Amino acid sequence: MSAQAPRRGEWGSQIGFILAAAGSAVGLGNIWRFPYMAGQNGGGAFVLVYLVCVLVIALPVMFLEISLGRATHRNPVGAIRAVAPRSAWRALGYLALLTGLGILSYYSVIAGKVMTYGALYIRKLFIGEAVTYHGATFEVVIYFALFIVLTVLVVSGGVQRGIERWAKILMPMLVLIMVAIIVRCLLLPGAMEGVKWFVTPDFSKITPRVILNAMSQGFFSLSLGMGAMLTYGSYLSKKDSIVVCGTSVVLFDTFIAILAGFMIFPAVFALGGNPAAGSTLIFQVLPKVFGGMKGGVLVAIVFFFLLCVAALTSTVSLLEVVTAYFVDERRWSRRRSVWTIGGAAFVVGLPSAFDMAGLRPWTSMVFLGKHGFLELMDFLWGNLSLAIGSLLLCVFAITVWGLNNAGSEIEIGSPSFSRYRGLWIFFIKWVCPTFIAIILASKLFS
Ligand code: PHE
């Protein structure tokens, strides 16, 4: 089972894994999706439920996913096959691949929009043109395609090279610039209303929908439930501590999401905006913030650049999951895999791009809903599929792989885990699957 395919790499060090996994976790999920979800789901109430879900459900699942990856040294499909050859559980691996492709498709559309804003502010700096986002179809599609190409280029070089180096300097920079923007926003008159709204839970707002969205946001933000952490864990060495790695990623990711909340909501309340605006929230608010800021154009350029990089380290992990499958299992070359999958993501993402370009009537015909196509994709892949994937992973570990095997894998490299092993097993066996199943069911059947 541990026979490693010769073509597989390994992280340079434990910190290499942490940086890459944190790079995967931190992205548009924290800065674009978390505020938009919190805004639509009751503010402080959502934040509270989110934190509980991260601690109680996501953290144990994080250990599980990384450990299955490191135990098997495989992609999601291969990992399951290594544990249970020829079983129907392989479907769970394929679901992970599909989810990766699904998320990659619309995520790159949003990332393209972030790039467009960066470009608009650069133009403003040099030509002094006003910053207005037109969202012409052509423009949306070009930036979307450009972002996929960037992702393809990074992944074709292999994950280990590149990411480790970039993440080390750019992630701390992202934190710094966010803190600067927060300080500025808190000084705006009326900002405290937003802070209050963000930190005070109104318990009457907690509904099954809010709980499902908060739990799924936890999976989304931590890149769980579709094999990203599994695949990254497969490049981890036995010397490294899964507990240290997993916990660091969870802490850092949660920290950035909370920062993003403090960056957006005080501004929403101070500058007049609707917190429940949906997937366009940050794009409505941030230009106003930069507009009223001394040196705002420069801050905007740096911020959108760093956000692009954060998004890129996430799309890289999405593409890497599917690529690892084609390279390990189908013996495709890395180049052929990345270009083929990138092309597929582009085609699948086109309706989301059209949706963002305002072609609503056309794209909503596809499913006759009031939300746009992009939000539908986000709900299906980003919400449902990750929750289902995480649930099935727990069931797989309980019934097929064995929680003792999982526990032993975690203990290699983190001996002190033996003290919490029983607790962890209890969570994966009872708490996580029960909660995920109830939350899924109560939303789907309500
Ligand atoms: N966690 C990433 C983010 O927050 C998105 C992502 C989801 C990446 C699932 C990989 C897998 O931006």
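Let's start with a word we'll need: a residue is buried when its relative accessible area is under 20%, exposed when that area is over 50%, and partly exposed in between, using a 1.4 Å probe and protein chains only. By that yardstick L188 is buried, at 14% relative accessibility. You'll find L188 in the loop between helix 7 (160-186) and helix 8 (191-199), where helices (H or I, at least four residues) and strands (E, at least two) are DSSP runs numbered from the N terminus. From the C-alpha of L188 to that of T399 it is 55 Å, and the two are 211 residues apart along the chain.

A quick note on what you're looking at. This is a predicted model, in which local features need pLDDT of at least 70 and side-chain atom pairs count only at pLDDT 80 or more, while totals for chains, interfaces and linings use all residues. Residues are numbered from 1 along each chain as its sequence is written, and side-chain values use heavy atoms, with hydrogens and water left out.

Now have a look at helix 3. Its 29 residues reach 40 Å from first C-alpha to last, close to the 42 Å expected; that expected span is 1.5 Å times one less than the number of residues. Along the way, the helix bends by about 40° at V54, the bend being the angle between axes fitted to the seven residues ending there and the seven starting there. Because 24 of its 29 residues are buried, helix 3 is largely enclosed by the rest of the structure. Right after the helix comes H73, with a positive phi near 55°.

One residue of helix 3 takes us to the aromatic rings. The structure holds 26 aromatic pairs. Rings of Phe, Tyr and Trp (its six-membered ring) pair if their centres lie within 6.5 Å; planes under 30 degrees apart count as stacked, over 60 as edge-to-face, and the rest as tilted. F63 and F417 have ring centres 6.4 Å apart and planes at 85°, so they are edge-to-face. Since F63 is in helix 3 (residues 44-72) and F417 in the loop between helix 17 (403-411) and helix 18 (421-444), this pair ties together parts 354 residues apart in sequence. F63 is buried at 8% relative accessible area, and F417 is buried at 4%.

Y117 and Y133 give you a stacked pair, 5.2 Å centre to centre with 10° between the planes. Y117 belongs to helix 5 (residues 90-127) and Y133 to the loop between helix 5 and helix 6 (137-156), 16 residues apart. Y117 is buried too, at 6%. Elsewhere, F34, F46, Y50, W197, F198, F262, F265 and F269 form one aromatic cluster.

Stay with helix 5 for a moment, since S105 lies there as well. S105 is buried, with a relative accessible area of 0%, and a polar atom of its side chain lies 2.7 Å from the backbone oxygen of G102.

Rings can have charges over them as well: this counts if NZ of Lys or CZ of Arg is within 6 Å of the ring centre and within 35 degrees of the ring normal. K113 lies over the face of F283, 4.5 Å from the ring centre. The charged end of R33 sits over the ring of F220, 4.4 Å from its centre.

F220 also leads us to the ligand. Of the 14 residues around the ligand (each with a heavy atom within 4 Å of it), A25, G29, Y107, F220 and S223 come nearest. An oxygen atom of the ligand is 2.8 Å from a polar backbone atom of A25.

Notes: Polar contact = N/O pair within 3.5 Å; in protein donor to acceptor, adjacent residues only side chain to side chain.
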